[in-house]
Amino acid sequence: MSLTKLFNFDYMFENIKKSKMQILICMLVVPLFTTIMLLTAESETYNFTSLGIFNILFMYVIPFILSVNLFGYIYKKRSVDFIGSMPLSRKTIFFTNTLAGILIILGIQALTLLCTLIVSTFSSSIIFAELAWDVFVYQTFAYIFLFTIANLAMSVSGNMMTQIVGILLITLLVPALYTFTYFATEDNAYTTIYENTTISPISHFDSFTAPTLILSAIDGHGYGFNVVSMTKMILLSVIYIALGYLLFKRRKMEKAGESFVKKSSHYLIKALTLIPFVMMIKAMFMVEEFEALPFVLGITLVYWFVYDLITSKKMKFLQNSLALVVSIVVIYGVLSALIGIHTSIWNGKIKTENIAKLELYPEYYSSRSNDFNEKCVIKDAELIRSIVENNKAYEGVENSKYLPTYMNGTVFMKNGRKYHIAVMVDAEDREKVLEYAEKQIELPLNKNVKVHLSSQIASIADRKELNEIIKNLKPYQVRENGGFDSYFITYDSPSSFEMYRNGFYQEVYAYEYVNHKLYMYIYSELDNPEIGEFLTNLYNKVALEQVRNAKTNEIYYTVRDAKKSYGTYSSLDVKSVLRDFILDNKDEKVDLNQDFIRLKLTFRKPGTTALTCTYTTNKVQEVIEKFTVSQNEVGRSEFEEYNEYFDDYDYYFEDGEMIYEVPNPNIKVLNDEEINSGLEENLDKIYTEQ
Amino acid sequence: MIKITNLTKSFDGKVVLDKLNCTIKTGTIYGLIGANGAGKSTLMRIITGIYQKDSGSVEVDGKEFLDEEEIKQKFAYVPDDLFFFKNYTIKDTLQFYNKIYKNFDIDYARKMVRTLNLNELQRIETFSKGMKRQTAIICALATNAEYMFFDETFDGIDPVVRNFIKKAIAEKMEEKGCTIVVSSHNLRELEDICDNLGLLYKGGILFESEIDSLKTNMFKIQISLKNDFSKDDFKNFNVLSFKKSGSVATVILEGDREKYEEELNKMNPVILDFLPLTLEEIFIYQMEVLGYEFNQVI
């Protein structure tokens, strides 16, 4: 078969030309949106989730619009004579239009990639060309996947409304069934060795196709460059193209404009769309909560009849009601069977000696300053046994001396089966795990880092200079950010300021792309004086410039020492003093080896984004004298103290109750009464004990 | 030549074409006549590959047609329900056809557009029904396709333009030797252009013939004899219809005109006039012979 018979480029050109406006909009919306996002949401990291909720929206809508514009008119009653009589075989029409869609999608993604790379040359956003390429590759296949589904749905349905139903069914039905079965099985699965361990079958959420991955990302599942997902999409796209062609070739054009050529297709589609309703019913039976059952049944009934009214404009009440009951019973039975099969696979007894390895994620509970976010792979049989046995011993948290720590992870059995687990470890075991992990961790540093500094603070040259400094430094914290766990990168704030001596210590975030993942490093001036020197000079320069240009009432500042925050000042007099002080000392060369004091400044001009930086000076005494009066006048609010208390300690919720996670066993856990009895007193007590 | 054998097509169980057999000879203008819903459009759509047949075969120049582009290049079809791309002007449309059809004559098309006073740069969707039809016909003629199909094409076109187009179709046929198939439910539309006619009725070709042959072999006379006479006096003739009013009878005869004229003169008629027959009249009498009421069929 020659390519010239498969594709007709003249027809392709004309087909695109006839819908040029719609296609042009499709071509431009993603690149433009991405560019605007990168330009306006400054200092963001560009990644798979940069478009947020628009990512999934565009992924569905653009391929759909392309399908409707390239294929839609073929299925319309008015145009079927026109296109059918053209000297083009159905094969040529189908494959030419499919290729056109794929080329347009490639164009969209290539344009997006180009815009991203152009923006990266001048924007302060963290844009790695490699990651942009990853996004290009993955998104291209994702869009093509959706496009082939839209075409397949069109071949089956031939009308826009049923095409939409078809697209949603093809993309979401299997993942929805899997997810439902998974969570239903999770409740039923049990194990005998971990008495107090939650255990669930390992999920395959990560191998879903793009639409489901993005949707599940809302719930915290990862979404990034995923080879399994991509391979699946490529294979499915090929299958859908082949299937779409066969259906298109056999399609009866006299049925143009009608949804589904065969009436039996309607019964099938209607039954398939009923599955989510039956899932709700099944879930109610599983949790034995029936209050909403009449409502769900009512909605199901209404849906069932509305579907008929829309598609066939007829309503046979008795016949349809009977069909509804039969459909619900059948689908309910199938769901129950699926859950049963899944449960029987996952239920079982786990023996310690059959565990090949444990993967634990200790990061959330570590009290160490040298924190890390890497999983810890434990193959040491002795450590595994210790964790398992200790875990078994903790039958109730109330009996333990100190709160044990939960560690999430995965247990790998020697027979290849995997389970999700959450084990409880005591302080001793935790230390062992952390020590063990520290030995294993190999930080993925290859020094191609990009610092994360707002363009309000740093110029391109500043960032380059800091990049060079950082290359030779060791970060004190590394976080893997490759999964892009949330829609918006969590670590996107400008350099944070933490308490440090007479002021705040400065740190800077930097990112590195390694093997399709983004790692975030935190460099602190505590470990690296070079960072402190660079940031101090940079921020002082910015502070001076801002003070010169800002009106007095646009300046806000915070003075904070190791124990107390003195709040944000609003007195214009104090602001004037501050302005004058900074201007008077514009030529000061700050020496961080000497005593210094640091102020946190915020400049908030109407209609612009607030700019935050520090101002550092060696004139400690002078600053304290200038501001003591004002500090005493303002004092601290109870709210600030309360916030400060929670800022410094981790806490989590269990059964709706707040549990304070106190990493250091020497620190006493405060109960509500103690907290309420006097915050100030308790805080002082804690600090004293420390 | 297009040869259709045992062609069957049904929609939702209703048979529209039932084992239809038909031959459309090359270089002719074939008129397809039939009542609304007789299956004329369906037949054209199957021949041109728009619809798929249920069974039977369509042979084009001796080769079975199965959606091949080479054969489709030989076809141009002007449907009853016209379609043009949204926002397209005549210029855009001609460019489209020029790219899709290998033998498209864009100069011819532009000349026709000018002759018919159509604005090449105006969007077609703003045209009247007649202007849209003219545009579609121009496009079809300019394809220089070997087989051109016009489905109820002359509807909505004023008489002057209609005659012009009929002339253009005839010229194109003469010039390129192409075959034209024109469908209509109105016999008068086809009379002055077609040289072959097929009558479609109840899913099959009820009657098929060359118009010249029909007109030559069938004629109407008005006759009066000296003595009283009846139909029995014409036993030697093939009488299709005999109506007597007073002493004058109007008789439709089928056969060799010269021979019949000689025989009739031997009867010493007082009056003997040979009158022309319209195609409609020919059909009416043919239908009567076949046992059908003309009004039922067309």
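Biologist: How many residues does each chain bring to the contact between chain B and chain A?

Modeller: The contact draws on 29 residues of chain B and 27 residues of chain A. The model is a predicted one.

Biologist: How much area do chain B and chain A bury between them, and what share of it is on carbon and sulfur atoms?

Modeller: Between them the two chains bury about 2800 Å², with 52% of it on carbon and sulfur atoms. On the chain B side, Glu69(B), Phe83(B) and Lys99(B) lose the most area to chain A, together 22% of what that side buries.

Biologist: Why is an area used to describe such a contact?

Modeller: The size of an interface is often given as the accessible area lost when the parts come together.

Biologist: What makes the pair Lys9(B) and Glu254(A) a salt bridge?

Modeller: The closest N and O atoms of Lys9(B) and Glu254(A) are 2.6 Å apart. The term requires a side-chain nitrogen of Lys or Arg within 4 Å of a carboxyl oxygen of Asp or Glu, so the pair qualifies. Between chain B and chain A the count is five salt bridges, and a search of the whole structure finds 19 over all chains.

Biologist: Why is the pair Lys9(B) and Asp54(B) also called a salt bridge?

Modeller: Here the closest N and O atoms are 3.9 Å apart, and the limit is 4 Å, so this pair qualifies as well.

Biologist: Which parts of chain B does that pair tie together?

Modeller: Lys9(B) lies in strand S1 (residues 2-11), and Asp54(B) lies in the loop between helix H1 (40-48) and strand S4 (55-60), so the pair ties together parts that are 45 residues apart in sequence.

Biologist: How do you know whether Lys9(B) and Asp54(B) are buried or partly exposed?

Modeller: Buried means under 20% relative accessible area, and Lys9(B) has 1%, so Lys9(B) counts as buried. Asp54(B) has 38%, which falls between 20% and 50%, so Asp54(B) counts as partly exposed.

Biologist: What makes Glu210(B) and Lys25(B) a salt bridge?

Modeller: Their closest N and O atoms are 3.9 Å apart, which is within 4 Å, so the definition is met. The pair links distant parts of the chain, 185 residues apart: Glu210(B) is in strand S10 (residues 204-210) of chain B, and Lys25(B) is in the loop between strand S2 (14-24) and strand S3 (29-34). Glu210(B) is partly exposed at 38% relative accessible area, and Lys25(B) is partly exposed at 43%.

Biologist: How do you know that Arg123(B) forms a salt bridge with Glu125(B)?

Modeller: The closest N and O atoms of this pair are 2.5 Å apart; the limit is 4 Å, so the pair counts. Arg123(B), at 36% relative accessibility, is partly exposed, as is Glu125(B) at 37%. Elsewhere, salt bridges that share partners join Glu254(A), Lys9(B) and Asp54(B) into one network.

Biologist: Why is Leu32(A) called partly exposed?

Modeller: Its relative accessibility is 48%, and exposed means over 50% while buried means under 20%, so Leu32(A) falls in between. Leu32(A) has its place in helix H3 (residues 20-40) of chain A. Together with Met21(A), Leu24(A), Ile25(A), Leu28(A) and Ile36(A), Leu32(A) forms a nonpolar patch on the surface, with about 580 Å² of accessible area.

Biologist: Which residues touch the most other members of the largest nonpolar core?

Modeller: In this core of 175 residues, they are Ile74(A), Ile2(B), Phe150(B) and Phe283(B). Helix H7 (residues 129-157) of chain A supplies the largest share, 17 residues.

Conventions: Residues numbered from 1 in each chain as written. Chains lettered and ligands numbered in written order. Predicted model: local features only at pLDDT ≥ 70, side-chain atom pairs only at ≥ 80, totals over all residues. Heavy atoms only, no water. Core = buried A, V, L, I, M, F, W, Y, C linked by side-chain atoms within 4.5 Å. Buried < 20%, exposed > 50% of the residue type's maximum accessible area, 1.4 Å probe, protein only. Helix = DSSP H or I, 4+ residues; strand = E, 2+ residues; numbered from the N terminus. Patch = residues over 30% accessible without salt bridge, like charges linked within 9 Å, V, L, I, M, F, W, Y side chains within 5 Å. Areas by Shrake-Rupley, 256 points an atom, 1.4 Å probe, with all protein chains shown as cover. Contact = heavy atoms within 4.5 Å. Buried area = accessible area lost by both parts, 1.4 Å probe.
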